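Reader: Hello! I would love a close look at a single part of this protein, with enough of the surroundings to place it.

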Amino acid sequence: MHTGLRITAFAAALAATFGTAYGVGRGVDPVVAEQAPATHDDHSGPTPEPMEGGGHGGHENPTPGGLQISENGYSLDLATPRVTAGQRAELRFTVRDGSGEAVTAYQREHDKELHLILASRDLVTYRHLHPTRAADGTWSTPVDLPRAGGYRVFADFTPAKKNAENLTLGADLAASGRYEPANLPAPDDTARADGYQIELAGSLRPGKASELKLKVSRDGEPVNDLQPYLGAYGHLVALRSGDLAYLHVHPNGEPGDGTTKPGPEISFTATAPSEGTYRLFLDFQHQGEVRTAAFTVRAGSAPAAQDSAPTQHTDGQGTDGHGH
């Protein structure tokens, strides 16, 4: 459906079918570009309820986060629940403890106190942001969303408290404007990101740890000099289509540990909490710029052929401002 719908708030979930990667903006926090509008949804069945737990994915903790606005006594207070598509705005939020007080002390993880992920409900637009925190605990970052529709904001953090667990809290964000839904492209194990080619080997399995290997090349040559970004050669975020359950998976090994090489291959271990369609977003840094490659994968049974849209590759446009 291509008829525009004027909205002022949109938070409906839009499940999308499999596809492959596209996207990448230049700069430190890239944007994955939008695909052409499409109309059909993929609901292969009811989404299983996730287990309780924190936000980081991997073989140690496969439980997704981001489905709740409050967890373990902490809440995400989003002061900017709506913006206007195509217009720059200041996104502001606060993490509050059980007494309602703003949290002002965090553990630093991968060089940051808090990682902010912003994704559209159709998983077409994705941004990895690093907001700045004021002394009173208020976080803020500039944001300019290209498309109207529903978005999900994920705050990934660990409070600076003894025995505190990592949490990922989620809240809905609406971008008003002329809305046209988009669909993901068909499956592919190759992504193109700003002139780079990324090949995905391995599969995501429900309830079982599996290795995902991503090989980076450029102009047909392997990239052997990836640069550490936030303490690793790559960062992987997985979002489940439909409810946008969140998995943040870190690579196997760290720079300087004697076993990890700066490319061309980055290895991750991940566990899907259930069958379903997932969108994988890989951040990697080369020659001083961070790129993002995106894949759509299936955990569990393969989707029907008629549920797949044609494969497309699209480079991202522009970057988002942020604080480091």
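Is L123 buried or exposed, and what is its relative accessibility? Please tell me about the hairpin around it as well.

Author: Happy to! Please keep in mind that this is a predicted model. L123 counts as buried because its relative accessibility is 2%. The residue is found in the loop between strand 6 (114-120) and strand 7 (126-129). These two strands form a hairpin with 5 residues between them, and within it L123 takes a positive phi near 60°. That is worth a pause, since most residues other than glycine have a negative phi. L123 is not a glycine, yet its phi is positive.

Now for the strands on either side of that loop. Strand 6 and strand 7 run antiparallel and are paired through 4 bridges. If you want one pair to look at in the viewer, L116 stands opposite L129 in strand 7. Strand 6 has another antiparallel partner, strand 10 (residues 149-157), to which 7 bridges join it. Here H115 stands opposite D156 of strand 10.

How enclosed is strand 6 itself? Since 7 of its 7 residues are buried, strand 6 is largely enclosed by the rest of the structure. In a regular strand the side chains alternate between the two faces of the sheet. For strand 6, both faces are covered. One side holds L114, L116, L118 and S120, the other holds H115, I117 and A119, and all of these are buried.

Two residues of this strand also turn up in a nonpolar core. The largest nonpolar core has 28 residues, and I198, L204, V216, L280, F284 and F295 have the most contacts inside it. A second, separate core of 25 residues includes L116 and L118, together with V143 and Y151. Returning to the largest core, the strands that each supply at least two of its residues include strand 12 (190-193), strand 13 (196-201) and strand 14 (210-218). Strand 16, strand 17, strand 18, strand 19 and strand 20 also supply at least two residues each. As an example from this core, L204 is in contact with S210, L212, A270, A272, Y278, V297, R298, A299 and G300, leaving aside its neighbours within four places in sequence.

There is a useful companion to L123 elsewhere in the chain. L244 also has a positive phi, of about 60°, although it is not a glycine. It lies in the loop between strand 16 (235-240) and strand 17. L244 is buried too, with a relative accessible area of 0%.

The two strands that flank L244 belong to an open sheet of 4 strands, ordered 17-16-19-20 with antiparallel pairing. Strand 17 (246-249) and strand 20 (289-299) stand at the edges with a single partner strand each, so one side of each has no neighbour in the sheet. From one strand to the next, the twist averages 20°. Strand 19 (residues 276-286) and strand 20 run antiparallel and are joined by 11 bridges. In that pairing, Q285 stands opposite V290 of strand 20. T296 also lies in strand 20, and it counts as buried at 2% relative accessibility. Its side chain makes a polar contact of 2.2 Å with the side chain of R279.

One more backbone feature may interest you while you are checking torsions. Most peptide bonds are trans. The one from G263 to P264, however, is cis, with omega near 0°. P264 is placed in the loop between strand 17 and strand 18 (265-270).

Another open sheet has 5 strands in the order 2-3-5-9-8, again with antiparallel pairing. Its edge strands, strand 2 (70-71) and strand 8 (132-133), each pair on one side only. Strand 8 is joined to strand 9 (residues 138-143) by 2 bridges, running antiparallel, and T132 has S140 of strand 9 as its bridge partner.

Finally, the wider setting of your hairpin. The protein has 0 helices and 20 strands. Of its 324 residues, 53% are buried. Among contacts between residues at least 6 apart in sequence, 73% join residues at least 24 apart. The protein exposes about 13,300 Å², and carbon and sulfur atoms supply 46% of that area.

Methods: Residues are numbered from 1 along each chain as its sequence is written. This is a predicted model: local features need pLDDT of at least 70, side-chain atom pairs count only at pLDDT 80 or more; totals for chains, interfaces and linings use all residues. Side-chain values use heavy atoms; hydrogens and water are left out. Two strands pair if DSSP finds at least two bridges between them. Axes are lines fitted to C-alpha atoms, for helices over the stretch in contact, and angles run from 0 to 180 degrees between N-to-C directions. Buried means under 20% relative accessible area, exposed over 50%, partly exposed in between (1.4 Å probe, protein chains only). A polar contact is a pair of N or O atoms within 3.5 Å; within protein, one must be able to donate a hydrogen and the other to accept it, and residues adjacent in sequence count only if both atoms are side-chain atoms. A nonpolar core is a set of buried Ala, Val, Leu, Ile, Met, Phe, Trp, Tyr and Cys residues joined through side-chain atoms within 4.5 Å. Contact means heavy atoms within 4.5 Å. Accessible areas come from the Shrake-Rupley method with a 1.4 Å probe; for residues, only the protein chains shown count as cover.
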